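Trainee: Got a few minutes to walk through this one with me?
Mentor: Sure, pull it up and ask away.

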Amino acid sequence: MTRTRPTTRPTTAARAAVAIVAALVLGGGGTTAYADETPSSPPLPGTEATTDPSVKVDGTSPNLKLPEGGTLAAPKVLDIKSIVEDQGGEERRSDTNTNVTFALQAEVLFAMDSAALSPEANDRIQGIAAEVKKQKATSVRVFGFTDNLGTHEHGVVLSKERADAVQKALSLSLGPDVTFEIRGYAEDYPISDNSTEDGRKKNRRVEVSFTRGSGG
């Protein structure tokens, strides 16, 4: 006796969901994703999957309608990001609805392979301290990063020492009421391409981030 395997016909909603997922996967491309602003623990911003704008979705398709009894999710306010970079690219500020992040290239703070702050670094750091006070932030994250040259172990030590140096300079202005989270991530979480010197220069940086307060 021949047995027949029962089949389950997918619903219209299921077929539409599969089609959309397939379109997104096929349109994703092969681009490299880099970290963005406000790294936390560990910093993972900017790693969201992106889709090819050439993929078209027909918003009027009956297959996209909610099934009977279905409900929409609760509305969500999108986090709007503003990024401002000075002309030389030495300092970058990123603002969202909730956070402020400053990224300073290592060259404007330190000599090569050094964690000693340069004389010119103080003005940059004091400008960040003034913004921390303006936003009435009580917790500040200071994260150091390097490029991918040299060993990872050396990069971890150097990036942490540089973050420590910036934190100490900030604390002189902010006082004991502000707490700090300090980390060194070496070449992890690049914001640019390490295959070029311009990209490596951007990746050698110290980021200072804090929550936006009532002063902003």
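What follows is a short round of questions and answers about this predicted model.

Trainee: What pLDDT does the chain average?
Mentor: Start with the spread, since this is a predicted model. 67% of the residues score at least 70. The chain as a whole averages a pLDDT of 77.

Trainee: Over residues 1–8, how many contacts does the model have beyond near neighbours in sequence?
Mentor: The pLDDT there is below 50. Where pLDDT is low, the predicted coordinates should not be read in detail. Residues 44–53 also stay under 50, yet that stretch has 15 contacts beyond four places in sequence. For residues 1–8, the count beyond near neighbours is 0.

Trainee: How far does helix α3 reach from its first C-alpha to its last?
Mentor: Helix α3 runs over residues 152–174, which is 23 residues. At 1.5 Å a residue you'd expect 33 Å. The model comes close to that, at 32 Å.

Trainee: Which strands are included in what covers the buried residues of α3?
Mentor: Buried residues of α3 include Leu158, Arg162, Val166 and Leu170. An α-helix has 3.6 residues a turn, so residues three or four places apart point the same way. The cover over the buried residues includes the helix α2 (121–134). The strands in it include β4 (139–145), β5 (179–184) and β6 (205–211).

Trainee: Which residues are closest to the centre of the largest pocket?
Mentor: That pocket has a volume of about 290 Å³. Its lining has 6 nonpolar, 4 polar and 5 charged residues. Of the 15 lining residues, the closest to the centre are Met112, Asp113, Asp147, Leu158 and Arg204.

Notes: Residues are numbered from 1 along each chain as its sequence is written. This is a predicted model: local features need pLDDT of at least 70, side-chain atom pairs count only at pLDDT 80 or more; totals for chains, interfaces and linings use all residues. Side-chain values use heavy atoms; hydrogens and water are left out. On a 1 Å grid over the protein atoms alone, a cavity is a set of points where a 1.4 Å probe fits but cannot get out, and a pocket is an open set with protein on both sides within 12 Å along at least five of seven lines; lining residues have an atom within 4 Å of a point. Grid points are joined across faces, edges and corners, and a volume is the space filled by probe spheres set on the points. Ala, Val, Leu, Ile, Met, Phe, Trp, Tyr, Cys and Pro count as nonpolar, Asp, Glu, Lys and Arg as charged, and the others, Gly among them, as polar. pLDDT is the predictor's confidence in each residue, from 0 to 100. Contact means heavy atoms within 4.5 Å. Helices (H or I, at least four residues) and strands (E, at least two) are DSSP runs, numbered from the N terminus. The expected span of a helix is 1.5 Å times one less than its number of residues. Buried means under 20% relative accessible area, exposed over 50%, partly exposed in between (1.4 Å probe, protein chains only).
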